[in-house]
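Okay, thanks for making room for me. I'd like to walk you through a few bits of packing and backbone geometry, so have a look at this.

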Amino acid sequence: MTWSLWLAAACLAGEPEGYALTASSAVYESSDPLLALSSEVTLEAWVRAGKLPAAGARILDRHAPGTDDGYLLDTYPGDSLRLICANGAVGHPARLTGEAWHHVVAVYSSPARRQELYLDGRLVASRRDGAFPPIRDVNQPLRVGANPTGGDRFNGQIRRAAVYRQALSAAAVAARAAGGAAPDGVLGEWVFEPQARAVLRPVAGTVVLSSSGDAVELSGSAPAPEAPLTLWYRQPARQWVEALALGNGRLGAMVFGGVSRERLQLNEDTFWAAGPYNPAVPGALPVWREAQQLALAGKLKEAEALCRDKLLGNPGRQVPYQPVGDLLLTLPGGDQASDYRRSLDLDTATALTEFERDGVRQSREAFSSPTDQVIVVHLRADRPGQVHFSASLRSPQEHRTEVLGGDLQLTAQAPPWHGIAGALRAVTRLRVLTRGGQQAVEGATLTVRGADEATLLLAIATNYRRYDDVSGQPEATVAAQLEAAAARGYSALRARHCAEHQRLFRRVSFDLGATPGRALPTDERLQAAAAGAADADLAALYFQFGRYLLASCSRPDDQPANLQGLWNESRNPPWDSKFTININTEMNYWPAESANLAECVEPLARMLGELRETGAVTARTMFGARGWVCFHNTDHWRATAPIDGPWAYTPTCGAWLATALWERYLFSGERADLQAAYPLLRDAALFFLDTLVPEPSHGWLVTAPSASPENRHYQGTPICVGPTMDNQILRDLFSYCETASAALGVDADLRAQWAATRAKLPPNQIGREGQLQEWLDDWDTQPGADRHHRHVSHLYGLFPSAQIDARRTPELAAAARRSLELRGDAATGWSLGWKLNLWARLRDGERAQKLLAMLLHPSRTYPNLFDAHPPFQIDGNFGGVSGMVEMLLQSHAGELDLLPALPPAWPRGSVRGLRARGGFEVDLAWEAGRLTSAAVRSARGGTARLRWAERTADLAVPAGGEAVWRP
């Protein structure tokens, strides 16, 4: 009897312990297309549970988080069992323990309308109601004991698991529980050995499982890197949110740093599902007018029904951002390594993996070059002839792989979406350059043996040219990029890459003093800070990491930063990884001007120009209006119609996003920036001249129907008229248009209309509990209202706007403070980032520092410093950077307010290179909480009004020069 067959029999007899799953164990997966089931599925496992988290632990998982797509067998909540599939969830309080092995089975059949859970051969839960649609494919790997990103680990043992392409009968399940052989339809049945192997062959079926982690044994403790601005770790990444992010604005890579198996997960920022489409709904105008009248009459639920059923775009969902695939390296060697360290140097934008194995010190460096538009991986060893590896490309998309002149080339096809065909293809081409050794191509694998060093060059391109043009030639693009990069060689590529990155990154330095935390790996440092260790320097690292991310995911001529910036490994990412413009995309760009990365706004400005085009179609088709409009989301194809549901019926989101161009002008002071911003602002304002209506109580002009983003008021509906955020955004929009048109000497007639309309907008109102009201009526604290909702949209007027200010409008500032107190501090990652900025605007440094500490907690920041909504959303990172700038420098009130919210936790420090409105650049130094010097520079020159506490001074700054104030 073979070992595997003996182990299978022994497992059923209860002898071996199976495979122990912990937070650090390797995870097994398969991306076999046979697992993409649609009609029926049976999931089976023999498990023995340890202490399981209340949030649930995965047994077999191939589903998209937050949806019913795919299939999932887990223990949510706690020690219960749950099956999620196309008909939703069914659960059973199983009370799994570590005292015995349990046989668990989940069955779903669309034709037979069966959704069932079995425990130890007995049916314990079933669901017969619902639609029982076919299973929607997610094209995710099947994971055993973890979710598709490596989280939600099962704690305990799994000794056998299986997936069937049919729904097992109750009799077949009982027979399996008694030790019977696998019936027909098994795709894979796997027995898990106590010491897991890299690959698990099935005892039945054909699907092979492989380890998605690096299961080597590590010894020794590598020291901290010398460069202070470094993220570093003493073990490889086991899940995506531990991997290290590289990006050149267009090409992204997540580097896992494995020892015997390296993975670089790849993105290209133009690779999205579907293709050009127009979701605007013809004939919507009379329905919208009916909904408007219902809302004005107070019939809000009736208006909600019309918005939901007849006033969303077609389709009512937008398109998801897509992963291209992976570069995989397999390195021969033993299962042990010593002095392991992987790191991300923010100053050079390079990821480095180092370790010693079999007496050879090996290193692997990677970067994504903005100058040469390739991803570079360089392998070397400290002894000649010791670089050996095999390289391959894979993709979760439909794809083909070929060999072209010694290069590997993978062409991936973008998937369709809601009936819209996939129009994009992503071409990835890999070339390997070596010094010494031998190179060969074996099938779809490129192998190097005995080299002194090797350089991998990876080029990726798609046929996307514009939101309405997919005629590009990516094959020619990648070929040309590889030729040019190969001609330069590794050293020149690295030097050019570093110089361009540092041109942006080194503009700002931030020093809060070295702390003992620098000696800790970054994941341990986060934990130590959460436990109470004083580590102000961690905040400085987080600040520079956020700047690093923005410079890595939003460069001129590329796409703007989406919900995940540039980085995404899922075909069905959270919230589709789109551009959510009811706060999140705006937050992405809050630090661009103030943290001295103004060029990073260019992709957003270009997208706004395109939204002006598509939004004009939506405005005309659905609302009979001039100008342009965009609701709470847009995507790669610049869709602007309302989507998702009535809770997102917020017509001012495009106008809010356009104010980023006004900020661009305020920071630069350049007339050219004003001329570029004005057409976007003008046309956004035209839409509201045509669509605002008087409300019956006061005659104020309001948006109707609308919503305060994602919140429901006490009547149980999101639909309302004239929410506070809308009024504040429109007050800014009309004011900016008035100012710009006067400065440019145009549109005098419109200027008068904007002024008259602005005067009729509802004012900010203070409610019965002293809070700034979120709605026209005082609903904030009514029974049934969500008093702790994550959005604080009605505080837009405090930040990012300057309508409310602690000095100029103290009563409104006090009301905003009261609103924050009522909402509470606890929130999602991005919401903490917004609240951090709000408390800084209120000049409360201690409260701002509290919010920053909450944001930097491991519950809201992943080991690789990505923001945890959860799941990952990059806006929290950028909100954190912006908030720290606001703590140190504010310029929204016509003066440079220095250290306005300096927290006690930062008694001494310095910052260099922050930007302020008016075209100024500022350096600050402080000691014992007191400003010691402020240096101000300006390319244009001018007089800066400076404030520190209650002291003020007018500082003459020469053009191209610097002036210093020492209060």
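I'll go through some helix pairs, then a cavity, then a few backbone oddities. One thing up front: this is a predicted model.

Let's start with helix 11, which is residues 602-623, and helix 12, residues 653-668. Their axes come within 10 Å and cross at roughly 135°, so the two helices are oblique to each other. As for the hand, helix 11 goes past helix 12 in a left-handed crossing. Who's touching whom? On the helix 11 side you've got E602, L604, A605, M607, L608 and L611, and they meet G654, L657, A658, A660, L661 and R664 of helix 12. Sort those contact residues by class and you get nine nonpolar, one polar and two charged.

Next pair: helix 13, residues 671-691, with helix 15, residues 748-759. Here the axes come within 11 Å, and the crossing angle is roughly 55°. That makes helix 13 oblique to helix 15. The crossing is left-handed. Helix 13 puts Y678, R682, A685, L686 and L689 into the contact, while helix 15 brings L750, Q753, W754 and T757. In class terms, the contact of helix 13 with helix 15 is six nonpolar, two polar and one charged.

Third pair, helix 16 at residues 810-823 and helix 17 at residues 829-841. The axes come within 11 Å again, crossing at roughly 145°, and helix 16 passes helix 17 with a left-handed crossing. The contact list is short enough to read out: R817, L820 and E821 from helix 16, and K835, L838 and W839 from helix 17. By class, the contact of helix 16 with helix 17 has three nonpolar residues, three charged ones and no polar ones.

Now the cavities. How many are there of 30 Å³ or more? The count is nine. The one I want to show you is the second largest, with about 90 Å³ of space. It has 13 lining residues, and the closest to its centre are W288, P651, F687, T691 and A704. Which elements give two or more residues to that lining? Those are helix 3, at 285-296, and helix 13, which we've just met. Helix 13 gives the most, with three residues. The lining of this second largest cavity is ten nonpolar and three polar, with no charged residues.

Last bit, the backbone. As a reminder, most peptide bonds are trans, and most residues other than glycine have a negative phi. Here are three spots to look at against that background.

First up, the peptide bond from N314 to P315 is cis, with omega near 5°. P315 sits in the loop between helix 4 (300-310) and strand 22 (325-330).

Then there's a cis bond joining P870 and P871, where omega is about 0°. You'll find P871 in the loop that runs between helix 18 (845-855) and helix 19 (875-888).

And finally Q373, which isn't a glycine but has a positive phi, near 55°. Where does Q373 lie? It's in the loop between strand 25 (360-368) and strand 26 (375-381).

That's my tour; happy to go back to any of those on screen.

Conventions
Residues numbered from 1 in each chain as written. Predicted model: local features only at pLDDT ≥ 70, side-chain atom pairs only at ≥ 80, totals over all residues. Heavy atoms only, no water. Axes fitted to C-alpha atoms, helices over the stretch in contact; angles between N-to-C directions. Helix = DSSP H or I, 4+ residues; strand = E, 2+ residues; numbered from the N terminus. Parallel < 35°, antiparallel > 145°, perpendicular 65-115°, else oblique. Left-handed = near helix turned anticlockwise from the far one by under 90°. Contact = heavy atoms within 4.5 Å. Nonpolar A, V, L, I, M, F, W, Y, C, P; charged D, E, K, R; others polar. 1 Å grid on protein atoms, 1.4 Å probe; cavity = no way out; pocket = protein on both sides within 12 Å on 5 of 7 lines; lining within 4 Å. Points joined across faces, edges and corners; volume = space filled by probe spheres on them.
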